[in-house]
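Work through the exercises below with the model open beside you. Each one sets a task and then solves it step by step.

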Amino acid sequence: MNDQIESLEQCCGSAMSCEECLIIHPSCAWCAQEVGTLMSRCDLRQNLQKRGCEAHHMESPSSSTTVVKSEPLSSKGSGPTQYDVIQIMPQKISLSLRPGDQTSFKVQVRQVEDYPVDLYYLMDLSLSMKDDLDTIRNLGTKLADEMRKLTSNFRLGFGSFVDKNMSPFSYTARKYKLFPSCVPSFGFRHLLSLTDKVDRFNEEVQKQMVSRNRDAPEGGFDAILQAAVCKERIGWRKEAFHLLVFATDDVPHLALDGKLGGLVQPHDGECHMNEKNEYSGSTNMDYPSLALLGEKLAANNIYLIFAVTKRLYNFTALIPGTTVEILDQDSKNIIQLIVNAYNSIRSKVELIVWDQPEDLSLSFTATCQDGQPLPGLRKCADLKIGDTVSFNVSIDARGCPAPGTQQGFTIKPVGFKDHLEVSVDYRCACGCTDQTQANSTHCSSIGQYTCGICRCDPGYLGARCECQEGEAGSMYLSACRQAEGMQICGGRGECSCNQCLCYESEFGKIYGTFCECDDFSCARHKGILCSGHGECHCGECKCHAGYIGDNCNCSTDTSSCVSDDGQICSGRGSCACGRCQCTEPGAFGDTCEKCPTCPDACGTKRECIECRLFSSGRLSDNQTCQRLCKDEIITVETLNDPNAVLCLYKTENECVMKFTYSEHANGMSVLTALKEPECGAAPDAMTVLLAVVGSILLVGIVLLAIWKLVITVHDRREFARFQSARSRARYEMASNPLYKQPISNDYVETDFSMYSKSYNGAAH
């Protein structure tokens, strides 16, 4: 801290005038009071007070913000007061800026409900779009029904285009003029101004016929520009949301393509519609550039929706307020596409700056629905209609323009008519200059006395203009040394009349009381002084707003660190100097978005798979799909890449979806998915019944068999035990110990007969 204060004191002390003091640093103050003990009139405010300088003699202005107009935000767009709808607050601000003294103000933006919508449908009528034309013949009624669910005030218009009717873009020879069912090619044709009578849209579409052009690209950019700038012909309302739907099946011609046909005149960005409502400059001027297209769309508050069949519109990122949606080959999904695009556009707010002066630095901090400040961002997404978001805008002046210069700029949300006007004046002049005394006695009558110092006439020097240039002597030399033993004027100047006259240098300016300062001895980055993002003051870089570091090479802007899901560095790292430093093991990429080994990798890519492969199901929100799904997806019958990360999840109908996640050598994420989820067939009821009955019988038989086995084993064991006991008996039946032989034997004869009795063998 002490080193920083000493550096500031040295920096302030190098100022030779009040105006220079104000520019050096916002902490520097100038004392215009006659105080004899002041070594330097430019110093830190507290130091000047200690030396006796009174507050009302100090020149130390600060930046300030004044709100000139601030009307409250509206909540509804349609109704009797629709022309007073306000979607940005405040509406006018005045800034007074001192160089280096940053100030800030808050901007609030709200997408109001039920805001009027103007939709102009611009269709490619080349031959390849014939099936699309058949599909949209009744588009007006269906589209109006869907859009009226979103707004009660909807209007629809229609226009068409093909390409420049000249070689090599179109067929121009006579033999090609009579294609069956085709009309001659044309650049742009306005067919229906914006109207709430949607039946007229259907009628105009019914009348249309396709045309033929020679090459694949179309002349769509000519048509877009005319639809944007010919406001009266198209019928754009000031108090409405402007949508321009551009439907085509191929890429458009870009600027300089016209040279193939000999068109060297650049497009002038003006409206060129003849009495037939056709583009009259088609064969006179080149195609418009992306920059010109973006400028005109923004100036007229138009959102451009590319409804295309190919993913070849990466350049649309260069056009603010542009949305790309994938169109089916026959345009069957056009209504849902437009509704999704509308919801996508209405779910985000992005600020742009117009006419920003070069010497002003602006930085933004967005506070979206979660309430968390996001430094460096000027955009909020995933909003609901009616949500209010705020942006803190910090502004810093890097220098001072010519005295009396009034400057300003405009801040507006993309696609909104509302804007914030900011007027700027600079506090670079000192109030004490109003009391300047010419030929003052304080200056030996040969100089001006202003702000406490003398500005001597040419040829005179000294605090009181008491010396002439060239006078030198030992009595003056001590006043030109910063300390005893040091070189006179630091070796970078000569001493003349108690003052150092600093040498001129081819590298820059040498200045200071003892020539101790310059504007070229500061840190460099890649050979550029202060990285081109700061000013060198007395050996120290004074960074512009939005940059920090010794050499001002570190940007505080975090917009380049925001991943597609809206998180800083995908939640896997931190943003330092405008670049992501990935802290999650295995994470890499510009925003740490690539991480096959991260635990959440499969969950993140699952949304991409569902968007791209099952858009007709649960995840039909194309906004989410476009934001999350930029990877290459390959569908296969079986997965057999052992080096890829295998992911699987259960779908709503209890099927299992499998896919693999890997990173290609070119840095692109590659997702390989099964064409269809693995689903088990529904079981047959009779089969289930027979299986249950059979299972019960089988269980019964098994139990009986087990019971029989147990009984058999038990019986055998008992019989074996009996046999064992019998074999161990100590006697036999013939030698029973209880049996005794008789003493005598008497034999008696007996004879039993039915008719006679016999006793002792005698018969009677």
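**Exercise 1. Find what the buried residues of α9 pack against.**

Step 1. Take helix α9, residues 290–299. Helices (H or I, at least four residues) and strands (E, at least two) are DSSP runs, numbered from the N terminus.

Step 2. List its buried residues: Leu290, Leu292, Leu293, Gly294, Lys296, Leu297 and Ala298. Buried means under 20% relative accessible area, exposed over 50%, and partly exposed in between (1.4 Å probe, protein chains only).

Step 3. Collect their contacts (heavy atoms within 4.5 Å). The partners are α7 (220–229), β11 (241–248), β12 (302–308), β14 (349–354) and β19 (407–413).

Step 4. Conclude. Seven of the 10 residues of α9 are buried, so the helix is largely enclosed by the rest of the structure.

Step 5. Check what follows the helix. Asn301 comes after α9 and has a positive phi, near 55°.

A note on the source: this is a predicted model, with residues numbered from 1 along each chain as its sequence is written. Local features need pLDDT of at least 70 and side-chain atom pairs count only at pLDDT 80 or more, while totals for chains, interfaces and linings use all residues; side-chain values use heavy atoms, with hydrogens and water left out.

**Exercise 2. Determine how the buried residues of α6 are arranged around its axis.**

Step 1. In α6 (residues 198–207), pick out the buried positions: Val198, Phe201, Asn202, Glu204 and Val205.

Step 2. Look down the axis. These buried residues fall within an arc of 165°, so they line one face of the helix. The arc is that of the directions from the helix axis to the C-beta atoms.

Step 3. Turn to the face away from the buried side. Asp199 and Lys207 are exposed there.

Step 4. Identify the cover. It includes β8 (117–124), α4 (130–135), α5 (139–147), β9 (154–161) and β10 (188–195).

**Exercise 3. Analyse the salt bridge between Arg189 and Glu278, then two others.**

Step 1. Recall the principle. Side chains of opposite charge can pair when their charged atoms come close. A salt bridge here is a side-chain nitrogen of Lys or Arg within 4 Å of a carboxyl oxygen of Asp or Glu. The structure holds 15.

Step 2. Take the Arg189–Glu278 pair, at 2.8 Å from N to O. Arg189 lies in strand β10 and Glu278 in the loop between β11 and α9, so the pair ties together parts 89 residues apart in sequence. Arg189 is partly exposed at 22%, and Glu278 is partly exposed at 23%.

Step 3. Take Lys417 and Glu239, at 3.5 Å from N to O. Lys417 is in the loop between β19 and β20 (420–426), Glu239 in the loop between α8 (231–234) and β11, and 178 residues separate them. Lys417 is partly exposed at 21%; Glu239 is buried at 8%.

Step 4. Take Arg721 and Glu718, with their closest N and O atoms 2.5 Å apart. Both lie in helix α14, three residues apart, about one turn of the helix.

**Exercise 4. Locate Leu377 and list what Leu377 touches.**

Step 1. Place the residue. Leu377 sits in the loop between β16 (373–375) and β17 (379–380). Its relative accessible area is 10%, which makes Leu377 buried.

Step 2. List contacts, not counting residues up to four places away in sequence. They are Phe364, Thr365, Ala366, Phe391, Thr558, Ser559 and Val562.

Step 3. Compare sequence and space. Leu377 and Asp557 are 180 residues apart in sequence, yet 7.4 Å apart C-alpha to C-alpha.

**Exercise 5. Which backbone features stand out at Pro90, Pro168 and Cys538?**

Step 1. Check omega. The bond from Met89 to Pro90 is cis, near -5°. The bond joining Ser167 and Pro168 is also cis, at about 10°.

Step 2. Place the prolines. Pro90 is in the loop between β5 (88–89) and β6 (92–97). Pro168 is in the loop between β9 and β10.

Step 3. Check phi. Cys538 is not a glycine, but its phi is positive, near 55°. Cys538 lies in the loop between β31 (534–537) and β32 (540–543).
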